[in-house]
Amino acid sequence: MTHDMVATLRPLLAAEASAEAYASGAEPGDLEQAVWLRLLERLGTDGPPADPAAWLRGAVRSEARRTRRAASIEQPYASEPADVSGPGPEQLALSAARRRALHSAVRRLPGRCPRLMAALLSPQDLTYREIADELGISQGSLGPERSRCLGCLRRMLTAEVAAREPRG
């Protein structure tokens, strides 16, 4: 019986939803879907309506009114709600990938360079005196050592970037 009722009501629901959709600002398909849902809920609790066609017309009008009410209450944002002042997710992902690549290259440096560069890149923002104490070297030799490590890192990264570029 329920299958026959659905088959009988489908054209009527499509016509009613199309007629009410424009005035309510809804899509006909959305109204149809809402009414089918209401019918399924009703079938589960109260059983089929006594006059399915009349119930369906009332349900379509009720859903159209609900849609109009919701549209009149909901207000669009005056501006974009997203915070565009900072970097977006793509930029954050690219920055994280660059940081990972840099730290990976730093770990492959020779000698004391990995520890020196890690100390220089530390989020603790260590002073030269703190870095020299941590590495057990004089503060005066820190600058030349840093220059040698940076040169080595630069050559290493240049070679890696050049190796990844497509040749043509």
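Is C113 buried or exposed? In this predicted model, C113 has a relative accessible area of 8% and is buried, a value that falls under the 20% limit used for that class. The cysteine belongs to helix α5, which covers residues 113-120, and its sulfur takes part in the disulfide described next.

The structure holds one disulfide, in which C113 is joined to C149 with a distance of 2.0 Å from S to S. Such a link is a covalent bond between the sulfur atoms of two cysteines. The pair connects distant parts of the chain, since C113 lies in helix α5 and C149 in helix α7 (residues 139-164), with the two positions 36 residues apart in the numbering. The angle about the S-S bond is -85 degrees, and the link of C113 and C149 is accordingly left-handed. Like its partner, which is buried at 8%, C149 counts as buried, and its relative accessibility is 0%.

A further cysteine, C152, is in no disulfide. The nearest cysteine sulfur to that of C152 belongs to C113 and is 5.9 Å away, and because a disulfide requires two cysteine sulfur atoms within 2.5 Å, this distance does not qualify. C152 also counts as buried, with a relative accessibility of 17%.

Attention then turns to the loop and helix that carry a group of acidic residues. D125 is found in the loop between α5 and α6, where its backbone has a positive phi of about 55 degrees although the residue is not a glycine. With a relative accessible area of 66%, D125 is exposed. Together with E130, D133 and E134, D125 forms a negative surface patch. One of these residues, E134, is found in helix α6, which comprises residues 128-135, and E134 is partly exposed, with a relative accessible area of 45%. The patch thus includes D125, which is exposed at 66%, and E134, which is partly exposed at 45%.

A last position considered here is L102, which lies in helix α4 (residues 89-107). At 26% relative accessibility, L102 counts as partly exposed, a value that is neither under the 20% limit for buried residues nor over the 50% limit for exposed ones. L102 and L121 are 19 residues apart in sequence, and their C-alpha atoms are 9.9 Å apart in space.

How values were computed:
Residues are numbered from 1 along each chain as its sequence is written. This is a predicted model: local features need pLDDT of at least 70, side-chain atom pairs count only at pLDDT 80 or more; totals for chains, interfaces and linings use all residues. Side-chain values use heavy atoms; hydrogens and water are left out. Patches are made of residues with over 30% relative accessible area and no salt bridge: like charges are joined within 9 Å, nonpolar side chains (Val, Leu, Ile, Met, Phe, Trp, Tyr) within 5 Å. Accessible areas come from the Shrake-Rupley method with a 1.4 Å probe; for residues, only the protein chains shown count as cover. A salt bridge is a side-chain nitrogen of Lys or Arg within 4 Å of a carboxyl oxygen of Asp or Glu. Lys and Arg count as positive and Asp and Glu as negative; His and the chain ends are not counted. The place of a charge is taken as NZ of Lys, CZ of Arg, CG of Asp or CD of Glu. Helices (H or I, at least four residues) and strands (E, at least two) are DSSP runs, numbered from the N terminus. Buried means under 20% relative accessible area, exposed over 50%, partly exposed in between (1.4 Å probe, protein chains only).
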